[in-house]
Protein chains: 2
Amino acid sequence: MAEQAGTARRTPLSRERILRTAIALADAAGIGSLSMRNLAQELGVVPMALYKHVANKDELLDAMIDMVVGEIDTPMPDTEWKQAIRGRILSARSALQRHPWAALAIESRNMATPAILGYLDSVVATLRSGGLSADLAHHVMHAMGSRVLGFSQELFDTTRDAGRSGPSTAPQPAAMPPEVAARFPHLAEIATAASHDDASVVGSGCDDQFEFEFALDLLLDGIERLQQQGWTSAHR
Amino acid sequence: MAEQAGTARRTPLSRERILRTAIALADAAGIGSLSMRNLAQELGVVPMALYKHVANKDELLDAMIDMVVGEIDTPMPDTEWKQAIRGRILSARSALQRHPWAALAIESRNMATPAILGYLDSVVATLRSGGLSADLAHHVMHAMGSRVLGFSQELFDTTRDAGRSGPSTAPQPAAMPPEVAARFPHLAEIATAASHDDASVVGSGCDDQFEFEFALDLLLDGIERLQQQGWTSAHR
DNA sequence: ACCTGAACACCGTTCAAGT
DNA sequence: ACCTGAACACCGTTCAAGT
């Protein structure tokens, strides 16, 4: 008891320490098991003590999100726009992968945090400096959607939240049971079709990174083509 | 009291009635305010009575999702694959728009419900019948992600859940305040750039339908191009 | 056998009492 | 003035008691 009080005193409560602990807790056990009460317990503190440093749980989540967004690389100057955007988005993706709870947290909030706005602003700046019209850049940002932040709603995403332990466990989806394959033959067919690593991969183990980059490049290439054609929304 | 008992007896509790009431409640008040307890109250029933018809809340949500997915149009035969997919996805979109809570509900569950699998299977069937290789179809399904179900994580999506009243209110994002515009000049620029309806639209009021179709067509056109080039993932 | 009220183990947050 | 325990109004679900 005296021990704990001593420890708490050595590293007193602060917004910084609350945020770091909250993120560590969400990383380890999933956002679903992050509560004000067990966060306080983890910090060796009474729940109400947290409210000195954060207004409420929503504000805590916003601050956690901002901290993750802060991990995204700053833009590399003097890079061709398509490569610059590509690199930036892949950096965002790896930041979000370090914190598997973040994507869902961003989605369920209304997400106009300053850090996110700053990041988006810099992405638009890159597009504009690459010669895209403001009009096209607008639609491009919509088309990218959450992908610009490094995530997209994959169907059957096993890595999202789900409580489980850290991201390293990487729970592969179980191979499709025969009766399911029989009911959904076309899904069964394409599940085994993609030659990701080698032909021995059967159904399970999609290469998420490959799929993300495939979709990203599909969009970026399409955008580049539109730009070169001088596309404007007046086409409508 | 006797009145209520009489009413409850006239339309006795059933899985069907529970689901319809739950969906109506989520439509009206948001998924956040759907609880087993107030669903029971809405039905004039004690909370525990629900558990005769649904195993638990998770199973209830799955069943609600399946009912929404059931609203998606069945595929039109003898249609060129790109148009068939396009029409199907836009139908999925309008189904999800009728139930604004559904997209977030689908995302936060692991979403391998039978209805969703059946829908996805039929989409793959259309791709295959259009001549896409199983390999390409696989990556296409990944690239489409949740868009194939008619939604995508838009940045600043105001229509998602948020509790509010029905979808008809359509809360437009407030125009960007001057101090925000000053901090994020590139966002401010593109916010006013898109000539959606006419030049008088300033910052607010993006045409969601236009943006959705813009991104969808960007992907579909890119996919068609890959198919015509005989693309395979062996390119890696 | 069926139904259901009370209870359990949570939650975020308020508020008044204690120092 | 500061801190915090108890309390409030919830939640999903268990379980035993009542019919």
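Select residues 12-72 of chain A. UniProt, in an unreviewed entry, lists this span as "domain: HTH tetR-type"; positions follow the numbering used here, feature names are shortened, and annotations may be inferred rather than shown by experiment. The span is 57% helix and 0% strand, with its end C-alpha atoms 29 Å apart. Helices (H or I, at least four residues) and strands (E, at least two) are DSSP runs, numbered from the N terminus.

This is a predicted model, in which local features need pLDDT of at least 70 and side-chain atom pairs count only at pLDDT 80 or more, while totals for chains, interfaces and linings use all residues. Residues are numbered from 1 along each chain as its sequence is written, chains are lettered from A and ligands numbered from 1 in the order in which they are written, and side-chain values use heavy atoms, with hydrogens and water left out.

Next, select A:Arg15 and A:Glu59. They form a salt bridge with the closest N and O atoms 2.5 Å apart; the term means a side-chain nitrogen of Lys or Arg within 4 Å of a carboxyl oxygen of Asp or Glu. The pair links distant parts of the chain, 44 residues apart: A:Arg15 belongs to helix α2 (residues 15-29) and A:Glu59 to helix α4 (residues 57-69). Over all chains, the whole structure has 20 salt bridges.

Now narrow the selection to residues 35-54 of chain A, which the unreviewed UniProt entry lists as "DNA-binding region". Here the chain is 35% helix and 0% strand, and the end C-alpha atoms are 13 Å apart.

Show DNA strand C with its surroundings. Residues near the strand (a heavy atom within 4 Å of it) come from both protein chains, including A:Ser35, A:Asn56, A:Lys57, B:Val46 and B:Lys52. By class, this surface has five nonpolar, two polar and four charged residues. The classes are: nonpolar for Ala, Val, Leu, Ile, Met, Phe, Trp, Tyr, Cys and Pro; charged for Asp, Glu, Lys and Arg; polar for the others, Gly among them. Of the strand C atoms within 4 Å of the protein, 45% belong to sugar or phosphate and the rest to bases.

Which atoms of strand C does the side chain of A:Arg37 approach? An N or O atom of that side chain is 2.3 Å from a base nitrogen. At the phosphates, a backbone N or O atom of A:Met36 lies 3.1 Å from an oxygen, and an N or O atom in the side chain of A:Tyr51 is 2.8 Å from a phosphate oxygen.

Move to DNA strand D. Its surroundings include B:Ser35, B:Asn56, B:Lys57, A:Val46 and A:Lys52. A polar side-chain atom of B:Arg37 lies 2.3 Å from a base nitrogen, and a side-chain N or O atom of B:Tyr51 is 2.8 Å from a phosphate oxygen.

Finally, display chains A and B together. Chain A can be laid on chain B with an RMSD of 0.0 Å by a turn of 180° and a shift of 0.0 Å along the axis, which is the relation of a two-fold axis. The superposition is by least squares on the C-alpha atoms of residues with pLDDT of at least 70 in both copies. Because 100% of the interface residues of chain A are also interface residues in chain B, the copies meet through the same surface; contact means heavy atoms within 4.5 Å.

Technical notes:
Polar contact = N/O pair within 3.5 Å; in protein donor to acceptor, adjacent residues only side chain to side chain.
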